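Biologist: Hi! Could you walk me through this model?
Modeller: Happy to, here it comes.

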2 protein chains.
Amino acid sequence: MTSVDTQLGRRPGFTDGILPAACPSRTVLDHVTSKWGVLVLLALSDGTHRWGELRRVVQGISEKMLAQTLRTLEEDGLVVRVAHPEIPPRVEYSLSDRGRDLNEHLMPLMAWIDHNASEMLGRA
Amino acid sequence: MTSVDTQLGRRPGFTDGILPAACPSRTVLDHVTSKWGVLVLLALSDGTHRWGELRRVVQGISEKMLAQTLRTLEEDGLVVRVAHPEIPPRVEYSLSDRGRDLNEHLMPLMAWIDHNASEMLGRA
DNA sequence: CCGCATCCGTCACGATACTG
DNA sequence: CAGTATCGTGACGGATGCGG
């Protein structure tokens, strides 16, 4: 291992770095940035929402991906799922405490992207 | 469109929201969160690095994906590529001003993920 | 040797149809 | 309404090749 590797591997503010393949951060990062994870988390940032609402609001997401994304986010403890035993069925999704905590770091990033996007794509 | 849709579509701090499918933010978001985008940006956060360094440091990335990721990030104006006409060839990558600006929003997020990852995966 | 393009197998994604 | 099952397609990753 060269000096530049150790330099890159460890970084101030991180425990072990995120670049090594084996660290758990990779898994969580893959879940959160899983093409729809960020958008679903953002959609839930203002409170509880039903399946159909999320389906319509996160435009372009397929039912399969919405189900899969919600399930992994729930397994990671970021999203809370509450099923009401009614007819017709009603299922509500909301952020957990940890999910809200994550969102507070996610929102400024999304605001930056939203603010810079058009300017970035203008030049190709 | 119901009231919840408009409520979700617009959000304080965002121009048009990111959830609509047609907005440019989606494209940029897909580039940045493109499975390797975040890791490459993070790897460049401490300065200029060569191709081979990035290849070794971002563990698990294939040469094809590294090339593709670097090219899209360069097209978006986040990464600067400098090729030195030497034998053996030497190509150096670094963050642009905008890339550094983005990274300042990315780093706290990654630090949060790195800090919470192990605890999140502990409970399945 | 290093940076990168190309070919090809595999797998995740998306559209549709169907169930409780 | 809230999902699950099935299937075709496109993106991804590995191996290979080539120019410098």
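**Two chains and two DNA strands**

Modeller: In this predicted model, chain B superposes on chain A by a rotation of 180° with 0.0 Å of shift along its axis, at an RMSD of 0.1 Å. The fit is by least squares on the C-alpha atoms of residues with pLDDT of at least 70 in both copies, pLDDT being the predictor's confidence in each residue, from 0 to 100.

Biologist: What relation is that?
Modeller: That is the relation of a two-fold axis.

Biologist: Which residue of chain B comes closest to the rotation axis?
Modeller: B:T33, with its C-alpha at 2.7 Å. The same surface serves both copies, as 98% of the contact residues of chain B recur in chain A; contact means heavy atoms within 4.5 Å.

Biologist: Ground rules, please?
Modeller: Residues are numbered from 1 along each chain as its sequence is written, and chains are lettered from A and ligands numbered from 1 in the order in which they are written. Local features need pLDDT of at least 70 and side-chain atom pairs count only at pLDDT 80 or more, while totals for chains, interfaces and linings use all residues; side-chain values use heavy atoms, leaving out hydrogens and water.

Biologist: Where is confidence lowest in chain A?
Modeller: In helix α1 of chain A (residues 3–9), with a mean of 43. Strand β3 of chain A (residues 90–95) has the highest, at 97. Helices (H or I, at least four residues) and strands (E, at least two) are DSSP runs, numbered from the N terminus. Chain A averages a pLDDT of 85.

Biologist: On to the DNA. Which residues come nearest to DNA strand D?
Modeller: A:R81, A:Y93, B:K35, B:K64 and B:M65, out of 19 around DNA strand D; near means a heavy atom within 4 Å. Sugar and phosphate make up 68% of the atoms of DNA strand D that come within 4 Å of the protein.

Biologist: Any polar contacts there?
Modeller: Going by N or O pairs within 3.5 Å, the side chain of A:R81 has an N or O atom 2.3 Å from a phosphate oxygen of DNA strand D. For A:Y93, a polar side-chain atom lies 2.6 Å from a phosphate oxygen. A:E63 has a side-chain N or O atom 3.4 Å from a base oxygen.

Biologist: And which residues come nearest to DNA strand C?
Modeller: A:K64, A:M65, B:E63, B:R81 and B:Y93, of 18 around DNA strand C. Here sugar and phosphate account for 61% of the strand's atoms within 4 Å of the protein.

Terms used:
A polar contact is a pair of N or O atoms within 3.5 Å; within protein, one must be able to donate a hydrogen and the other to accept it, and residues adjacent in sequence count only if both atoms are side-chain atoms.
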